[in-house]
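Here are some short exercises to work through with a viewer open. Try each task yourself before you read its solution.

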Amino acid sequence: MTSRRTFLKGTLFGSATALLPAAEAAGTSGSGPVLRLPAPTGPYPLGIRTVHLVDPSRTDPWVGGARELMLTVLYPARSAHGFPRAPQLTPAEAREFADLAPHVHPGLPQPGTVDWGAVLTHGRVGAPPLPGRRPVLVYSPGGGDSRTLGTTLAEDLASHGRVVVLVDHPGDASQVELPTGMRTTVLIGPPDPVTFRTMVDTRIADLRLVLDRLGDLPLAPVVDSCRIGMYGHSAGGTAVVYAARDDRRVGAVANLEGYLDPYPKPTGFDRPLLFRTDGFDGAARIESSWAGLPGRRGLLPDANHWAFTDYGSLVPRLQASGLVPATARTALVGAGDPAATLARVRRRVGAFFTRRLP
């Protein structure tokens, strides 16, 4: 229907020239440690693009007006030679994140101590996609987190031959730079039940919009719409389960420590992956909300809630530099060896999607 029409604008990541100075200046400004994301383990180099979605049929619950989203798309590239690595955050996002980080996650460094704009992804700006049709995975981050904090796992999944779409949810994401301006989070502390329900309802609608528009993405020719998976962390884990419920387009769902009690028990799944840490203070609620749901179960030892994200690698490095206390590190990602934790997450999530979307 015309009234339900969704407008999509696709932008090659590298064509947004404002992004490039951060990549070119990596490691040359700011103080503190130079932070690096772990390299992906797959055989393929990576390309990267961003996409701006606008849905005029839906009102943004946080600020009004048409609902807008930002996506990052990672994909296997034919060649990375001569193409620069993209920054994890735009310069404006890095400035916002530096101010917001210790409020979104207490214990993270204070503003001016870390050059967040110098962190590079392994995605190559403008790299041509590898020919062939590939499975696509859609990711929803945890509440208060931006899509970019799921880069490490997404890069690994993409380096093994998948297209991965990271979705930002403006309003609860810490910061999102849209073509229309910067959006910062409305959350201050843990959300109350009404806010959490609004957040998840909004994310479910966002994810269904992305599924509807996969065929219009700039990389649509290399996306296999018959092999779609979804995964999410925390509130994103909740959202992907319910977004995929009764949607036959989605063949695999991985929930990384998200509650499944805001709605009636989900049905219609063929053994989703339910993966949690052993240190999360919401473990009892997680187990209760997952009770009776068939699925593959995974437990991440010596870890805490944000070990599934880029914090799992970055926070131990910040602790080693004296910028994060040991108590904050344990509360965020756990005290375990970060390399071993990351290897377990990559192996378990990657193997799950390989089985389900061969």
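The exercises below use a predicted model and go from the whole chain to single residues.

**Exercise 1. Describe the overall build of the protein chain, and work out how its radius of gyration relates to the globule rule.**

Start with the secondary structure: the protein chain has 9 helices and 13 strands. Next, compare the radius of gyration, 19 Å, with the 21 Å that the globule rule gives for 358 residues; the two are close, so the chain is as compact as a globular protein of that length. The C-alpha trace spans about 50 × 45 × 45 Å along its principal axes. Then turn to burial: 58% of the 358 residues count as buried. Finally, look at the contacts with a separation of 6 or more: 75% of them join residues 24 or more positions apart.

**Exercise 2. Find the residues with the most contacts inside the largest nonpolar core, then trace what Val164 touches beyond its sequence neighbours.**

The largest nonpolar core holds 49 residues, and Trp116, Val164, Tyr231, Tyr311, Val349 and Phe353 have the most contacts inside it. Now select Val164 and set aside its neighbours within four places in sequence: the residues in contact with it include Thr72, Val73, Leu74, Leu137 and Tyr231. Ala154, Leu157 and Ala158 are also in contact with Val164. A second, separate core of 46 residues includes Leu53, Val222, Tyr259 and Ile286.

**Exercise 3. Decide whether helix α7 is largely enclosed or open, and identify what covers it.**

Take residues 311-320 and apply the cut-off for buried, under 20% relative accessible area. Tyr311, Gly312, Ser313, Leu314, Val315, Pro316 and Leu318 of α7 pass this test. That makes 7 of the 10 residues buried, so α7 is largely enclosed by the rest of the structure. The cover over these buried residues includes α2 (91-104), α8 (326-333) and α9 (338-356). Just beyond the helix, look at the backbone: α7 is followed by Gly322, which has a positive phi near 85 degrees.

**Exercise 4. Locate Asp246 and Asp302, and decide whether each is buried or exposed.**

Begin with Asp246, which is not a glycine yet has a positive phi of about 65 degrees. Asp246 sits in the loop between α5 (235-244) and β11 (250-256). Its relative accessibility is 65%, so Asp246 counts as exposed.

Repeat the steps for Asp302, another non-glycine residue with a positive phi, here about 55 degrees. Asp302 belongs to the loop between β13 (296-300) and α7. With a relative accessible area of 52%, Asp302 is exposed.

Key. Residues are numbered from 1 along each chain as its sequence is written. This is a predicted model: local features need pLDDT of at least 70, side-chain atom pairs count only at pLDDT 80 or more; totals for chains, interfaces and linings use all residues. Side-chain values use heavy atoms; hydrogens and water are left out. Helices (H or I, at least four residues) and strands (E, at least two) are DSSP runs, numbered from the N terminus. The radius of gyration is taken over C-alpha atoms; the globule rule is 2.2 Å times the number of residues to the power 0.38. Buried means under 20% relative accessible area, exposed over 50%, partly exposed in between (1.4 Å probe, protein chains only). Contact means heavy atoms within 4.5 Å. A nonpolar core is a set of buried Ala, Val, Leu, Ile, Met, Phe, Trp, Tyr and Cys residues joined through side-chain atoms within 4.5 Å.
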